[in-house]
Amino acid sequence: MNSELSIAERLFRDGILLDLQGDLTMKAEETLLKWRDWENGMEGRSRLVLNFNGVDYVNSAGIAILIRLAHAAQQAGFSLYGFGINAHYQRMFRLIGLTDFLTIYPDEYSLMLKLQG
Amino acid sequence: MTAEKGMKMKDQAMIRKVWQLESELGQEKTVVRELKQAIRASHLPELRVDEIATAVSEACLNAIEHGNRCAKDVPVNVTMLVHADRILFRICDRGSGTDAACVQPSADMAQAKDKIGQRDPRGWGLLLMRHYADEVRAGCEGGEFCVELLFRREPKGGERIE
């Protein structure tokens with residue numbers, strides 16, 4: 001059965017990091033898209049980082065949610081990053097073009113090094 | 001043993017597994033978990049196992065959501081046949097098969113770049129099924145609408161992605 005998505009938020013210098021835990025499916029829509037009013041930005045912060053380490057299952061509805069978040073990021077003018085995405089989902093995200101909007105790093109350390117370096 | 005009989009023996013499914021799912025979102029994960037266990041034993045690369053699991057999962061989701069309209073007591077029947085050279089899945093629902101046109105060759109990954117520009121894009125499941133499976137067939141049979149996904153051990157050609 002579905003493992004519902006839960007989110008823990010961490011703030012860093014000019015961004016927000018969301019630790020995702022659970023499945024990225026249709027049931028995650030409310031949780032992720034209404035976590036904040038994404039289209040109105042992040043109170044001046046310019047980077048949103050998604051930690052996928054706790055996400056084992058992503059389906060087509062989950063992809064649609066990520067695309068909607070990417071559109072909101074474009075509209076509000078913040079950048080979207082992800083890490084902890086397994087090889088299969090990385091390939092799938094590249095395949096559908098999601099990586100044009102979501103920059104992928106292997107882990108939190110390398111991403112933060114890049115963002116804060 | 002005659003050559004013909006030998007071929008038949010060779011063509012028999014090594015593994016046959018059947019699932020009957022309630023039409024409730026999330027039920028497809030049971031199939032995903034169990035098919036992975038079953039086909040890992042046949043020494044496919046892990047990434048290919050994941051691709052197969054994604055395609056089958058999306059076919060199940062379509063059957064649950066669009067075929068049976070999430071009516072929990074209407075079953076989705078899934079059959080897996082693992083042969084020496086291929087793996088075949090048959091996913092059947094009680095719908096009218098109105099999505100059949102979507103599995104025709106016109107629906108391919110070339111649409112993805114247009115699709116991702118839409119604000120609320122749907123239908124990624126069909127594109128993923130078509131991309132990951134070597135053959136996709138669909139049709140009505142005995143009051144059911146069935147989608148068949150065929151995965152060859154030797155892919156139809158070269159690197160699949162990008």
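In chain B of this predicted model, Val78(B) has Ile91(B) of S3(B) as its bridge partner. That bridge offers a way into the sheet of chain B, since strand S2, residues 76-82, and strand S3, residues 86-93, run antiparallel to each other and are joined over 6 bridges.

Two helices of chain B lie against this sheet. Helix H2(B), spanning residues 28-40, packs on the sheet and touches S1, S2 and S3 of chain B; the direction of H2(B) makes about 175 degrees with that of S1(B). Helix H3(B), residues 46-67, also packs on the sheet, where it touches S1, S2, S3 and S5 of chain B. The direction of H3(B) makes about 10 degrees with that of S3(B).

The sheet itself is open and consists of 5 strands of chain B, arranged in the order S1-S2-S3-S5-S4 with antiparallel pairing. Strand S1(B), residues 15-21, and strand S4(B) occupy the edges, and each has a single partner strand, so one side of each is left without a neighbour in the sheet. From one strand to the next, the twist averages 15 degrees.

The pairing of S4(B) and S5(B) can be followed in the same way. Strand S4(B) covers residues 135-141 and strand S5(B) residues 144-152, and the two pair in the antiparallel sense over 7 bridges. Within this pairing, Ala138(B) has Val147(B) in S5(B) as its bridge partner. The hairpin of S4(B) and S5(B) has 2 residues between the strands, and Gly142(B) in this hairpin adopts a positive phi near 55 degrees.

Beyond the hairpin, Arg153(B) lies in the segment after S5 of chain B. Arg153(B) has 15 C-beta neighbours inside 10 Å and therefore counts as partly exposed, because a residue must have 20 or more such neighbours to be buried and 12 or fewer to be exposed. Apart from neighbours within four places in sequence, Arg153(B) is in contact with Asp85(B) and Arg86(B). Gly139(B) is 14 residues away from Arg153(B) along the chain, and their C-alpha atoms are separated by 24 Å.

Viewed as a whole, chain B contains 5 helices and 5 strands, which follow one another along the sequence as α-β-α-α-β-β-α-α-β-β. Chain B has 162 residues, of which 34% count as buried. Of the contacts in chain B between residues at least 6 apart in sequence, 66% join residues at least 24 apart.

Helix H3(B) also leads to chain A. Helix H3(A), residues 87-96, and H3(B) pack at an angle of about 60 degrees, their axes being 9 Å apart. The two helices H3(A) and H3(B) are therefore oblique to each other, and their crossing is right-handed. On the side of H3(A), the residues involved are Ala87(A), His88(A) and Met92(A), which meet Leu47(B), Asp50(B), Glu51(B) and Thr54(B) in H3(B).

Chain A also contains helix H2(A), which has 17 residues, numbered 60-76. From its first C-alpha to its last, H2(A) reaches 24 Å, close to the 24 Å expected at 1.5 Å a residue. The buried residues of H2(A) include Ser60(A), Ala61(A), Gly62(A), Ile63(A), Leu69(A), Ala72(A) and Ala73(A). Just after H2(A) comes Gly77(A), with a positive phi of about 85 degrees.

Notes
Residues are numbered from 1 along each chain as its sequence is written. Chains are lettered from A and ligands numbered from 1 in the order in which they are written. This is a predicted model: local features need pLDDT of at least 70, side-chain atom pairs count only at pLDDT 80 or more; totals for chains, interfaces and linings use all residues. Helices (H or I, at least four residues) and strands (E, at least two) are DSSP runs, numbered from the N terminus. Two residues are in contact if their C-beta atoms, placed from the backbone, lie within 7 Å. Two strands pair if DSSP finds at least two bridges between them. Axes are lines fitted to C-alpha atoms, for helices over the stretch in contact, and angles run from 0 to 180 degrees between N-to-C directions. The expected span of a helix is 1.5 Å times one less than its number of residues. Angles under 35 degrees count as roughly parallel, over 145 as roughly antiparallel, 65 to 115 as roughly perpendicular and the rest as oblique. A crossing is left-handed if the near helix is turned anticlockwise from the far one by less than a right angle, and right-handed if clockwise.
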